[in-house]
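Let's look at how a protein and DNA meet in this model. Grab the viewer and follow along, one strand at a time.

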There are 2 protein chains.
Amino acid sequence: MSLATNAADQPTLYKRIRADIEKRILTGEWPPGHRIPFEHELVARYGCSRMTVNKALSELAQADLIERRRRAGSFVRRPQHLSAVLKIADIRAEITALGRGYGYELIGRKLRAATAADRERLGVKKAGKVVAITCRHSADKVPFAVEDRLIDLSSVPDAATADFSREPPGSWLLHHVPWTEAEHTISAIVADDRTAEALDIAVGAPCLVIDRYTWRSARTITAVRLLYPGDSHRLVARFKGG
Amino acid sequence: MSLATNAADQPTLYKRIRADIEKRILTGEWPPGHRIPFEHELVARYGCSRMTVNKALSELAQADLIERRRRAGSFVRRPQHLSAVLKIADIRAEITALGRGYGYELIGRKLRAATAADRERLGVKKAGKVVAITCRHSADKVPFAVEDRLIDLSSVPDAATADFSREPPGSWLLHHVPWTEAEHTISAIVADDRTAEALDIAVGAPCLVIDRYTWRSARTITAVRLLYPGDSHRLVARFKGG
DNA sequence: TTGACTTATATGTCTAGACATATAATCGTG
DNA sequence: CACGATTATATGTCTAGACATATAAGTCAA
């Protein structure tokens, strides 16, 4: 005989409040800069305690949809710089997710004392050992990307003995080393002889370049350059915002 | 004579709890999958009420750093697909932020009934009017990007009368139309005659291409293609993750 | 008009409870 | 042993208060 305690409302109250406000913001009814009702007004409107509306508003603030100012109130934030969540998965996962057959080929692997160029690329000052890896990823036997990677062995000693002949270094690192920060730089180049051969495209064809640097608490882990055939591969970023 | 009520701790308690846990996750001390202490344990450790630790844990969950499961506990999430926040600001803001002089030039503007190609590009089915705009952005008098844009007038009627000869359409839209969702596609091409001339680069030089589609609640607003000289311009994405 | 001081107020944080609910673990039974 | 019913438990939500604190707004004197 026990019925739902809250008659016919699926979501919890604070979620309903949050969704109500979010909707008004996204539909433009409350434009950027608009002052949202005060907490005590929402308390009156929804007949709940202040902690409940506070939770709803706090989450909206955490999501950067509104800005809260003491004594002044809460305001709809203006569409911040267009920011997109660019999902760049591990290449193997990316190809597998596309339902295509993943292929991997280790082209070269060298363990050496860091040269001046290596140190500059990794952004470290003192000397140390590094592993340099070149490899190729393919999808359904067609070259998908070539990878040129440098791993700092003082940050990741295990990489010296890891077997990269079958497991791609990106996947290996992802599962062995936690990262805290990274940076991508995206640019375009035209294929030189070596790149053209590796990707099986014409010399002078466009290539998309991703340079990725990964750190763990200010300590460099790896620097990698990925080259994709530019006219075929596409990076897609989807985002939401106010 | 009034001292701080809480002796020598700047941040509030729940923020300290949150920061403590975040640190352990980011340093790898608590790896992905690790169960973090139960709320009642944290309550005992910090000597506070459950609502306080609950607030800390809820925020970590909202930030996708941990996952909370009823009866089971809270767990460190595994590094989701590498996801980067790619900040692609309004071009004018981007150039200004670099401390360079922004220049803008409207190359062409046409108001027309949507052609089949327009409709396909915007992803709409029924006919309607569109504005097609071509323009060029420059930094310190040097071509920075050329823009080729289509605006759906059924979504943004004001765009028909807006003056795009001085204000770039991107900035105008950003300030007049709230967006809810967008998608970027990044690729590389080599410059053809027209592009080479517009960007003042050689024919066959690499170009970075960004195609951006913007919607407002499933309604297409605009489709834009931006072409950047590929060897000079770089998109930088920074991100954090577990 | 300007600057310094005071006050009012909205948000920020916190408590000590309460009941709801999903689900892992246990217990019985066929 | 397999499977369904029961129980224990950690999180989820909520309340009715409390005091802290930043700051917009008002007050008043120079």
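## Contacts with strand D

In this predicted model, the side chain of Lys15(A) puts an N or O atom 3.3 Å from a phosphate oxygen of DNA strand D. Chain B joins in too: an N or O atom in the side chain of Arg70(B) sits 2.8 Å from a sugar or linking oxygen of DNA strand D. Arg71(B) goes for a base instead, with a polar side-chain atom 2.8 Å from a base nitrogen of DNA strand D.

## Who surrounds strand D

There are 24 residues around DNA strand D, and among those that come nearest are Leu13(A), Thr52(A) and Arg50(B). Sort them by type and you get six nonpolar, seven polar and eleven charged. Helix 3 of chain A gives the largest share of this surface, with four residues. On the DNA side, sugar or phosphate makes up 67% of the strand D atoms within 4 Å of the protein, and bases make up the rest.

## Over to strand C

How many residues surround DNA strand C? The count is 25, with Arg50(A), Arg68(A), Arg71(A), Leu13(B) and Thr52(B) the closest. Sugar and phosphate account for 66% of the strand C atoms that come within 4 Å of the protein. For strand C, helix 3 of chain B supplies the largest share of the surface, four residues.

Chain B reaches phosphate oxygens of DNA strand C in a few ways. Tyr14(B) uses a polar backbone atom at 3.2 Å, and Ser49(B) uses a polar backbone atom at 2.9 Å. Lys15(B) uses a polar side-chain atom, at 3.3 Å.

How values were computed:
Residues numbered from 1 in each chain as written. Chains lettered and ligands numbered in written order. Predicted model: local features only at pLDDT ≥ 70, side-chain atom pairs only at ≥ 80, totals over all residues. Heavy atoms only, no water. Near = heavy atom within 4 Å. Polar contact = N/O pair within 3.5 Å; in protein donor to acceptor, adjacent residues only side chain to side chain. Helix = DSSP H or I, 4+ residues; strand = E, 2+ residues; numbered from the N terminus. Nonpolar A, V, L, I, M, F, W, Y, C, P; charged D, E, K, R; others polar.
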